[in-house]
Amino acid sequence: MGRSIVILFGPPGAGKGTHAPKIVSQMSIPQLSTGDMLRAAVAAGTEVGQKAKGIMDSGGLVTDEIVIGIIKDEIEKEECAKGFILDGFPRTVGQAQALDAMLAGKNEEVNSVLALEVPDAVLTERICGRWIHKSSGRSYHVKFAPPKSLTPGAVASEETMRDDVTGEALMQRGDDTEEALIKRLTGYHADTVPVLQHYAQKEIVTHVNAHQEMETVWAEIQAGLGKMK
């Protein structure tokens with residue numbers, strides 16, 4: 001078998017940040033984020049990085065061709081010798097087709113797609129319950145890790161959500177509000193469903209129920225990786 005080429009999908013709050021490092025550790029392959037790769041290519045001044053910088057400096061959106069070029073450069077590196085995990089890419093069927101064509105040029109193909117799935121209502125509870133203490137970074141959750149100041153039955157607000165150590169008011173991040181989350185989830189589903197359908201034809205997609213105990217989720221991920229073609 002050639003390189004292990006894995007795509008990992010999951011909406012915000014589904015646990016990608018928890019499970020991706022375990023896949024990296026078990027398979028000895030790196031997790032590649034297009035955002036990180038783009039910034040690194042621009043900083044390194046590579047040919048494709050300079051093209052991307054020119055577009056970004058003029059306020060434009062980096063084209064799929066440039067993103068694929070950055071991935072192509074990255075996967076030539078020694079740390080990708082055994083394979084790699086693409087985190088949240090491709091986001092459109094067009095990007096998936098471009099990625100497939102680039103890999104086909106190397107006689108390679110994506111051989112596993114993992115989709116972490118959690119009901120939107122559960123994600124809303126997980127994410128919209130998060131409050132943080134800005135200066136220390138301490139985090140709390142209305143349901144799962146409430147501060148001492150939140151008495152049973154009280155509604156979460158800046159008055160009732162106070163840091164346990166300083167007593168200062170806690171805050172919610174802008175993208176942790178229900179309105180922002182609904183927008184992110186709508187975009188995620190609209191982008192991801194067609195891409196999963198694209199790869200489903202190859203029978204390499206594993207739908208992982210990520211609304212379970214962490215060990216059970218990990219077992220499903222391992223089962224999916226075990227089917228790798």
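How do the residues of the lining of the second largest pocket divide into nonpolar, polar and charged? In this predicted model, that lining comprises 6 nonpolar, 4 polar and 5 charged residues. The second largest pocket, with a volume of about 290 Å³, is lined by 15 residues, and those that lie nearest its centre are Gly10, Pro12, Gly88, Arg91 and Tyr188. Two elements, strand S1 (4-9) and helix H7 (178-200), each give two or more residues to the lining of this second pocket, and H7 gives the most, with 5 residues.

The largest pocket holds about 340 Å³ of space. Its lining is formed by Gly13, Arg126, Ile127, Arg130, Trp131, Ile132, Ser139, Tyr140, His141, Phe144, Ala145 and Arg173, and the elements that give two or more residues to this lining are helix H6 (120-128), strand S5 (130-132) and strand S6 (139-141). By residue class, the lining of the largest pocket divides into 6 nonpolar, 3 polar and 3 charged residues.

The overall organisation of the chain is described next. The protein chain has 229 residues, of which 41% count as buried, and it contains 8 helices and 7 strands. Taken along the principal axes, the C-alpha atoms of the chain fill a box of roughly 60 × 45 × 30 Å. Among contacts between residues at least 6 apart in sequence, 70% join residues at least 24 apart.

In soluble globular proteins, nonpolar side chains tend to be buried together. In the present model, the largest nonpolar core has 32 residues, and Leu86, Leu99, Val110, Val113 and Tyr199 are the ones that touch the most other members. At least two residues of this core are supplied by each of S1, helix H2 (34-44), helix H3 (47-57), helix H4 (64-74), strand S3 (83-87), helix H5 (93-104), strand S4 (112-117) and H7, with H4 giving the most, 5 residues. Leucine 86 illustrates the packing within the chain, since, when residues up to four places away in sequence are not counted, leucine 86 touches Val6, Ile7, Leu8, Leu32, Met37, Ile71 and Leu99. Apart from the largest core lies another core, of 24 residues, among them Val122, Leu185, Ala210 and Trp218.

Threonine 92 was examined as an individual position. This residue is found in the loop between S3 and H5, and because its relative accessible area of 33% falls between the limits of 20% for buried and 50% for exposed, threonine 92 is classed as partly exposed. Not counting residues up to four places away in sequence, threonine 92 touches Asp64 and Val195. The C-alpha atoms of threonine 92 and valine 193 are separated by 9.2 Å, although the two residues are 101 residues apart along the chain.

Finally, the cysteines were considered. The structure holds 0 disulfides. Cysteine 80 has a relative accessible area of 0% and is therefore buried, as this value is under 20%. Cysteine 128, at 18% relative accessibility, also counts as buried, because 18% is likewise under the cut-off of 20%.

Conventions:
Residues are numbered from 1 along each chain as its sequence is written. This is a predicted model: local features need pLDDT of at least 70, side-chain atom pairs count only at pLDDT 80 or more; totals for chains, interfaces and linings use all residues. Side-chain values use heavy atoms; hydrogens and water are left out. A disulfide is a pair of cysteine sulfur atoms within 2.5 Å. Buried means under 20% relative accessible area, exposed over 50%, partly exposed in between (1.4 Å probe, protein chains only). On a 1 Å grid over the protein atoms alone, a cavity is a set of points where a 1.4 Å probe fits but cannot get out, and a pocket is an open set with protein on both sides within 12 Å along at least five of seven lines; lining residues have an atom within 4 Å of a point. Grid points are joined across faces, edges and corners, and a volume is the space filled by probe spheres set on the points. Helices (H or I, at least four residues) and strands (E, at least two) are DSSP runs, numbered from the N terminus. Ala, Val, Leu, Ile, Met, Phe, Trp, Tyr, Cys and Pro count as nonpolar, Asp, Glu, Lys and Arg as charged, and the others, Gly among them, as polar. A nonpolar core is a set of buried Ala, Val, Leu, Ile, Met, Phe, Trp, Tyr and Cys residues joined through side-chain atoms within 4.5 Å. Contact means heavy atoms within 4.5 Å.
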